[in-house]
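The exercises below are meant to be worked through with the coordinates open, and each one is followed by a solution that proceeds step by step. Please try each task before reading on.

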Amino acid sequence: MTSGANAESDAGVSSANSLLSSLQRESLDASVKQVLHRGGWGNPDVLLIEHGAEQLVVKDFAPRALWVKRLLAPFLLRREARAYHRLAGVPAVPRLLGQLDADALILEYRPGTLLSRALAGKLRPEFLEELEAAIEEMHRRGVVHLDLRHRSNILAGEDGRPVLIDFASALRFDPTKAWGRAAVAAIGWVDRRALAKWRRKLTPVVAGD
Ligand SMILES: Nc1ncnc2c1ncn2[C@@H]1O[C@H](COP(=O)(O)OP(=O)(O)O)[C@@H](O)[C@H]1O
Ligand SMILES: [Mg+2]
C-alpha cells in the first residue's frame, strides 16, 4: 500500500519529470526571465527560467569555451549534483530537479535575499539558529560546503528561513564511516567559521553595548 506521504511525493516527482522533459535546450533562451548571475570563464551562467507556470533555475555551462565544457564543467556539475542528491529533503537546500543536458543542471528556484550586514536586525530571530541547524544537518550527511563565507551562497528565503546554495565546491564524505565523520568534523571547521562570520555580521549592534 502506498502511504499518503509517498503518494504525494510520487505525484510531485512525476509532475516535475513531465515538466522537465518538456524543457528543451532549444527553447531555453526564450524562457529566460532573468540572468541571476553571469558566469566568468570557468563558471556557469545561472538563469531564472519561466517554464509554464513554474520558475526554475538552470546552471548552464553551454556558453563557455569548449575545453571548459569538456574538462571542467562535467567535474563541477557532477560534484554539485552529488551534493544535492545527498542533501535531498533538507528544507534549507533547493531540490535538484534534473539535468537539462551535459552542460546544465536544473534546480528548484528559491527566491530570497542574499545575506549582508544590511539584514542585521531584520531577519527572524531564529534565522541564525536555523542556519546552524541546516549546516549541522549537511555535515551529518557528510557534506562540507566550503564556500559559505561568500554572501552569494546563502539566502534568506521568502519565508525568512535560510537557503543554502552553490555546492560546486562542496566535498562529500561517508558519514557511516568513522574516518568520514572525522573528515567532516575537521574540514567542517570552514563552514563553522563562516557561520561565526554571519553571526557577527547579522547580530545588530545595540546602542550603549
Ligand atoms: N536555487 C536558487 N534559487 C534562487 N536563486 C538562486 C538559486 N541558485 C542560484 N541562485 C542565484 O544565483 C546566484 C549564483 O548562483 P550560484 O549557484 O552561487 O552560482 P556560482 O556557482 O556561479 O557561484 C546566487 O547568488 C543566487 O543569487
Ligand atoms: Mg555562488
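**Exercise 1. Locate Leu146 and Asp166 in this predicted model, and describe the backbone and the exposure of each.**

Solution. Step one is to place Leu146, which lies in the loop between strand S7 (143–144) and strand S8 (154–157). Step two is to read its backbone: the phi of Leu146 is near 80 degrees, a positive value in a residue other than glycine. Most residues other than glycine have a negative phi. Step three is the environment, where Leu146 has 18 other C-beta atoms within 10 Å and is therefore partly exposed, given that a residue needs 20 or more to count as buried.

Asp166 can be treated in the same order. Its place is in the loop between strand S9 (162–164) and strand S10 (171–172), and its phi is positive, about 65 degrees, although Asp166 is not a glycine. With 19 C-beta neighbours inside 10 Å, Asp166 counts as partly exposed.

**Exercise 2. Which residues come nearest to ligand 1, and where does the ligand lie with respect to domain 1 and domain 2?**

Solution. Begin with the shell: there are 18 residues around ligand 1, and those that come nearest are Leu36, His37, Pro94, Ser152 and Asp166. Next, ask which elements supply the shell; those that give two or more residues to it are strand S1 (32–37) and strand S5 (104–108). Then sort the shell by chemistry, which yields ten nonpolar, five polar and three charged residues. Finally, consider the domains: because both domain 1 (28–108) and domain 2 (112–202) give residues to the shell, ligand 1 lies between them.

**Exercise 3. Check the span of helix H4 (residues 127–140), and determine how its buried residues are arranged around the axis.**

Solution. First compare the expected and the modelled span: at 1.5 Å a residue, the 14 residues of H4 should span 20 Å, and the end C-alpha atoms of the helix are 20 Å apart, which agrees. Then list the buried residues of H4, which are Leu131, Ala134, Ile135, Met138 and His139. Viewed down the helix axis, these buried residues fall within an arc of 135 degrees, so they line one face of H4. On the other side of the helix, Glu129 and Arg140 are exposed. The next step is to ask what covers the buried residues, and the answer includes S7, S9, helix H5 (178–187) and helix H6 (189–202). Just after H4, Gly142 takes a positive phi of about 85 degrees.

**Exercise 4. Carry out the analysis for H6, and state what its buried residues pack against.**

Solution. The span comes first: the 14 residues of H6, at 1.5 Å each, should span 20 Å, and its end C-alpha atoms are 20 Å apart, in agreement with that expectation. The residues of H6 that are buried are Asp191, Ala194, Trp198 and Leu202. Seen down the axis of H6, they fall within an arc of 60 degrees and so line one face of the helix. Exposed on the other side of H6 are Trp189, Arg193, Ala196, Arg199 and Arg200. To finish, the buried residues of H6 pack against H4 and S7.

**Exercise 5. Is Val144 buried or exposed, and which residues is it in contact with beyond its neighbours within four places in sequence?**

Solution. Val144 is found in strand S7. Counting its surroundings gives 26 other C-beta atoms within 10 Å, so Val144 is buried. Leaving aside neighbours within four places in sequence, Val144 is in contact with His139, Ala170, Leu171, Val184, Ile187, Gly188, Val190 and Asp191. One of these partners, Gly188, is 44 residues away along the chain, yet the C-alpha atoms of Val144 and Gly188 are separated by 5.6 Å.

**Exercise 6. Describe the surroundings of Leu119, and then place it against the contacts of the chain.**

Solution. Leu119 lies in the loop between strand S6 (112–114) and H4, and it is partly exposed, with 16 other C-beta atoms within 10 Å. Not counting residues up to four places away in sequence, Leu119 touches Thr113, Ala156 and Leu202. The C-alpha atoms of Leu119 and Lys201, 82 residues apart along the chain, are separated by 8.7 Å. For the chain, 64% of the contacts between residues at least 6 apart in sequence join residues at least 24 apart.

Key:
Residues numbered from 1 in each chain as written. Chains lettered and ligands numbered in written order. Predicted model: local features only at pLDDT ≥ 70, side-chain atom pairs only at ≥ 80, totals over all residues. Near = placed C-beta within 6 Å. Helix = DSSP H or I, 4+ residues; strand = E, 2+ residues; numbered from the N terminus. Nonpolar A, V, L, I, M, F, W, Y, C, P; charged D, E, K, R; others polar. Domains from an automatic or database assignment. Buried ≥ 20, exposed ≤ 12 C-beta atoms within 10 Å, placed from the backbone. Expected span 1.5 Å × (residues − 1). Arc of directions from axis to C-beta. Contact = placed C-beta atoms within 7 Å.
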